[in-house]
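User: Please take a close look at one short stretch of the backbone in this model, then work outward to whatever surrounds it. Keep to what can be computed from the coordinates.

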Amino acid sequence: MTQDVLVVACGGAGCNVFSEAESVLECPVMLLNSNSSSSIRLAPEGMDGCRGDPGLAFSIAFENMDAIKEAFKGFRAVVVFTILGGGTGTGMVPIILQCAVECGCRTISVMGLPMSLETERRALAQESLAEISGLSDRMYLLDEDAVISMCPDTKAHSIFRMISHSILFTVKCIVDLLSGPFFATFFDKVYTFAYVSELSPVKAVEKAVNSSVPTVVDPIGRIVVAVSSEMGSTESDAIYEKVAEMTGVVPDIVRRNDREDTKMVVFFSVWSRSLLLLLPGLAVPDYPGGVSEHPHDGVVLVLGGYRAPHHPPEHDARGLPPV
Ligand SMILES: Nc1nc2c(ncn2[C@@H]2O[C@H](COP(=O)(O)OP(=O)(O)OP(=O)(O)O)[C@@H](O)[C@H]2O)c(=O)[nH]1
Ligand SMILES: [Mg+2]
């Protein structure tokens with residue numbers, strides 16, 4: 001059991017996904033909600049949700065900051081998850097992150113973006129991302145549209161199940177990777193991710209990349225493929241080549257702690273033009289210069305921090321130095 005990482009799920013959907021996740025994740029899980037399912041009681045007795053009002057949720061969390069901070073004490077990192085677009089998750093996440101920052105914890109946010117069909121909720125979610133990113137050391141976005149594009153069955157419950165699986169498995173992977181050189185592996189600030197389960201690792205990676213093209217794969221971005229601890233070098237070489245061939249990006253392949261060979265999570269760093277597509281309402285953040293010209297690609301936006309200039313990889317597709 002990882003004892004120095006705390007996973008916090010917030011809001012109705014967030015708490016549903018993580019309600020029985022402690023044994024799967026092998027780390028402590030806390031639920032924060034505006035009803036009686038909350039691990040710490042935040043809302044008044046009898047209240048059940050914030051009915052889409054993030055301002056109300058914000059106030060409730062704000063009044064309980066001391067109790068939240070008390071619960072965060074001693075953790076090295078806090079991983080916060082919600083599906084944005086409702087009242088509770090959208091309103092509370094910034095306060096939860098603020099509490100974690102004040103307790104000296106590293107902050108990782110994993111945020112679900114509601115599908116395009118939910119127009120208003122999605123717009124609300126997008127508006128909240130700049131602030132959430134500013135309070136996070138790393139932010140991981142799951143665009144429900146991308147999951148739908150991979151889901152053969154369009155029934156709502158199948159899609160929700162697939163979203164829940166993607167999130168649980170990816171958060172488990174993030175918790176695993178937090179025991180290693182996490183911030184060097186995830187060098188950029190914002191990533192999206194695709195979780196795929198396939199017998200063939202090459203097919204899995206192909207599917208993950210296809211679910212993200214053309215919105216997020218960026219020729220100047222980074223790609224991290226998290227594979228099972230058992231994967232052999234032949235298979236990881238094949239993944240390497242497939243990603244490079246499809247995207248022009250040389251991926252980092254990292255090993256998770258589990259042996260689930262058929263499962264893979266692919267992370268894509270998001271910035272520049274793709275970021276503008278995903279976050280159309282994003283205000284230009286604090287960045288020396290705010291918006292800068294990049295020789296390869298129009299405008300570069302940096303969310304709440306400085307991103308080092310990209311240098312072309314100094315190795316070939318197999319990770320060897322140039323001859
Ligand atoms: N995957 C999944 N998504 C859900 C589920 N229920 C709701 N959602 C999505 O989650 C988004 C946020 O809804 P909720 O989690 O109910 O919102 P909340 O944070 O609880 O906010 P309030 O209910 O307004 O207090 C919605 O836009 C839906 O797209 C679920 O059971 N599974
Ligand atoms: Mg709710």
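Analyst: In this predicted model, E26 sits in the loop that runs between α2 (22-25) and β2 (29-32). The backbone at E26 has a positive phi of about 55°, although the residue is not a glycine. E26 counts as partly exposed because 16 C-beta neighbours lie inside 10 Å, whereas a buried residue would need 20 or more and an exposed one 12 or fewer.

A second case of this kind comes further along the chain. R51, again not a glycine, has a positive phi of about 45°. The loop that holds R51 lies between β2 and α3. Its count is 12 C-beta neighbours inside 10 Å, so R51 is classed as exposed.

That loop leads to α3, which spans residues 54-63 and has P54, A57, I60 and A61 buried. Viewed down the helix axis, the buried residues of α3 fall within an arc of 120°, so they line one face of the helix. G55 and E63, on the other side of α3, are exposed. Part of the cover over the buried residues of α3 is supplied by α5 (88-102).

Helix α5 also takes part in the surroundings of ligand 1: α1 (11-18), α5 and α8 each supply at least two residues of that shell. The most comes from α1, which gives four residues. There are 21 residues around ligand 1, and those that come nearest are G11, G12, G86, G87 and G89. By class, the shell holds twelve polar residues, six nonpolar and three charged.

Helix α8 has a part in the interior as well. The largest nonpolar core of the model comprises 88 residues, and the members with the most contacts inside it are V7, V8, V79, I96, V225, M264 and V266. Helix α8 (residues 156-177) contributes the largest share of this core, eight residues. As background, nonpolar side chains tend to be buried together in soluble globular proteins.

V266 can serve as an example from this core. With neighbours within four places in sequence left aside, V266 is in contact with F193, A194, V205, A208, V209, I223 and V225. One of these partners, V225, is itself listed among the core residues with the most contacts.

To return to the starting point, the two non-glycine residues with positive phi are E26, at about 55°, and R51, at about 45°. The first is partly exposed and the second is exposed.

How values were computed
Residues numbered from 1 in each chain as written. Chains lettered and ligands numbered in written order. Predicted model: local features only at pLDDT ≥ 70, side-chain atom pairs only at ≥ 80, totals over all residues. Arc of directions from axis to C-beta. Contact = placed C-beta atoms within 7 Å. Core = buried A, V, L, I, M, F, W, Y, C linked by C-beta atoms within 7 Å. Near = placed C-beta within 6 Å. Nonpolar A, V, L, I, M, F, W, Y, C, P; charged D, E, K, R; others polar.
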